[in-house]
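Me: I'd like to go through some salt bridges and burial calls with you. Can you take me through the reasoning behind each label?

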Amino acid sequence: MPTRRHFLAGSAAALGLAGLPAAPEAQAAAPAAHGATTAGTSTPNLVVILADDLGYGELGAYGQRLITTPRIDRLAAEGLRFTDAYSTAAVCAPSRCSLLTGLHTGHSAVRANPNGAPGALKAGDTTFAEVLRARGYRTAVIGKWGFGPEEGDQPSHPNSRGFEEFYGYIDHGHAHQYYPQYLWHNGVKETIAANANGAKGTYAPQLIEQRALDFIDAHAAEPFLLFLTPTVPHAPSDIPDVGAYASRTWTQQNKGHAAQITYFDTLVGKVTDRLRALGIAENTVVLVTSDNGPHEEGGVNPDLFDANGPLRGYKRNLYEGGIRVPLIAWSPGRIGAGTSDRPTPLTDVLPTLAELGGAPAPTDIDGLSAAPLLAGSADAARHNHLYWYRDERGVTSRANAQDDGRATWLAEAVRKDDWKAVRFAPVRDRALPDAQWQVELYDLASDLGEQRDVAAVNPSVVTGLVALMRSSWVDTYARRPFGVRAQVQGPAVPGQAFTVTATLGNGSGKPWTRALLALHAPAGWQVRATTATGQDLLAAGATLTTTWRVTPPATAAAATPWPLTVDGTAESPTGPLRYSATERVSTVPAAPLADTYLSDLEWVSATNGWGPVERDRSNGRNAAGTARRSRSEE
């Protein structure tokens with residue numbers, strides 16, 4: 001049976017997509033040295049390196065004195081250093097969701113750290129990987145993903161959200177283990193034998209490092225996007241060797257924390273060294289940043305390191321120390337040396353990468369492209385205001401003290417120009433009337449450390465900023481269709497037709513031409529379109545919807561999941577596009593026998609106080625598996 005990748009490679013020319021990369025099988029034969037010939041072209045490779053809980057003041061380039069970070073400091077000196085960059089939340093899950101999707105925490109799918117069930121991305125949550133993959137980029141996320149459930153082949157998995165290569169942690173909590181007993185490679189859980197039974201044989205960041213370098217090596221000859229997300233310096237402060245900090249009089253936790261940051265610095269250096277060695281540094285844009293402010297968990301003392309620099313607050317605070325982060329953009333010969341004080345939230349990463357890669361981006365995001373700024377222009381669009389939301393139940397002592405004991409209260413913040421307002425709700429109800437919130441106001445131009453609350457003497461400013469907070473929040477943020485979405489009205493009964501519907505949505509700001517939808521089913525399955533599959537012009541905001549009748553062969557195996565892949569192609573003003581979505585439909589199980597118990601059927605479950613319910617007089621006392629499940633077992 002031909003695979004989807006074989007089909008795409010074979011049909012690229014027919015669909016007008018010859019400019020996109022060939023299938024992986026063909027790419028494997030391409031010489032790595034070809035990467036040097038692409039340097040300086042208009043389509044750069046893109047590398048985003050995201051630290052976990054790295055504070056604004058924990059890099060030398062931002063004033064750090066105790067922890068050494070020479071490699072990142074060099075990038076900051078050679079590239080563009082942002083002084084007013086912001087994470088989109090004060091804790092990691094909502095921050096990372098916003099980074100991936102370009103939506104702030106008043107609109108995004110994940111707005112808080114998990115409290116029980118993990119946060120999850122959904123089919124409509126377009127990530128920057130999906131945006132760039134449509135233009136032929138090879139995409140990978142290596143390290144911490146942080147969105148559940150912890151299983152493969154589900155809508156929130158990185159492979160479903162535009163990353164064709166994934167290695168690391170799916171689950172938010174699992175990522176807190178530096179010596180895990182397993183990591184995920186795409187949809188497969190890979191055991192780490194050296195860490196069995198609590199042993200500390202293999203340090204996960206080193207595995208992540210190697211996979212990242214391998215990905216760069218494998219795709220040096222073609223445009224690639226690498227989202228590298230090591231878990232350092234998140235607590236606990238585990239590291240095999242504290243290195244240069246061993247002789248310090250600090251606690252072991254503080255030594256480990258400093259060593260983790262230096263390890264992160266070394267990792268960034270190894271990535272840029274590999275880019276130079278392959279001759280592609282000049283054709284690669286590297287962004288280095290963090291997901292929120294510095295932590296104090298596991299015995300780490302952020303004040304020892306002045307981890308928040310001149311700012312007030314820590315991880316979990318909506319004061320500047322909890323949300324202002326380092327951000328460095330580096331690309332030799334492409335990005336000039338300098339600094340920028342443009343207020344730049346990480347929601348800007350998606351549209352910036354899209355513009356750099358020549359890819360359409362959704363227009364219903366909150367981010368604005370900073371690509372002109374990276375090119376040396378002063379004309380990059382500026383935000384009217386920036387918004388943050390916090391719904392956090394975790395408490396740490398320093399963060400709680402900064403919040404005056406309100407660390408578990410709902411909180412919001414907004415920055416407009418140099419005005420910054422923070423407000424707290426005394427009950428966990430965002431619909432609480434404005435008069436019952438406690439509001440603070442700061443002038444960042446004269447009070448960067450947010451020490452003087454000037455709300456009482458600026459009531460009109462407070463009123464305006466509170467109105468912006470209210471307008472920035474939507475309970476359910478409706479998205480415009482972007483890319484391909486598919487819906488299967490199964491299950492699949494061998495020999496009988498069922499319906500598949502797919503939509504290609506042009507959620508960008510410019511029209512597309514030659515729009516086409518195609519459905520690929522397993523070999524032997526019949527596919528018949530019942531509506532038009534193509535459209536000459538797909539206007540901005542418009543959709544193309546196609547319906548097919550699909551018939552599995554009468555011989556299709558029962559109780560088996562089958563892949564159905566929809567490809568949507570079009571021509572954008574910047575070049576050809578291809579979006580894909582794969583859904584699975586299961587064939588029905590074989591008919592049960594008369595003596596089959598409910599608990600013997602995989603597709604039916606029932607229990608009572610004694611256990612699985614059986615359809616006999618034993619009232620549930622018979623064990624499951626005591627009957628034949630179908631005639632095929634006779």
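Me: Why is Asp348 called buried?
Reply: This is a predicted model, and in it Asp348 has a relative accessible area of 2%. Buried means under 20%, so Asp348 gets the label.

Me: And what makes Arg342 buried?
Reply: Same kind of check: the relative accessible area of Arg342 is 1%, and the cut-off is under 20%, so Arg342 counts as buried.

Me: How do you know that Asp348 forms a salt bridge with Arg342?
Reply: Their closest N and O atoms are 3.0 Å apart. The rule wants a Lys or Arg side-chain nitrogen within 4 Å of an Asp or Glu carboxyl oxygen, so the pair of Asp348 and Arg342 qualifies.

Me: Which residues do salt bridges with shared partners join into one network?
Reply: Asp84, Glu320, Arg324, Arg415, Asp418, Lys420 and Glu450.

Me: What makes Asp84 and Arg324 a salt bridge?
Reply: N to O is 3.4 Å for their side chains, and the limit is within 4 Å, so the label holds. Asp84 sits in strand E2 (residues 80-86) and Arg324 in strand E9 (residues 324-330), so the bridge ties together parts 240 residues apart in sequence. Both Asp84 and Arg324 are buried.

Me: Why does Arg316 with Glu297 count as a salt bridge?
Reply: The closest N and O atoms of Arg316 and Glu297 are 2.5 Å apart; the rule asks for within 4 Å, so the pair passes. Both Arg316 and Glu297 are buried.

Me: How many salt bridges does this rule give?
Reply: The count comes to 39.

Terms used: Residues numbered from 1 in each chain as written. Predicted model: local features only at pLDDT ≥ 70, side-chain atom pairs only at ≥ 80, totals over all residues. Heavy atoms only, no water. Helix = DSSP H or I, 4+ residues; strand = E, 2+ residues; numbered from the N terminus. Buried < 20%, exposed > 50% of the residue type's maximum accessible area, 1.4 Å probe, protein only.
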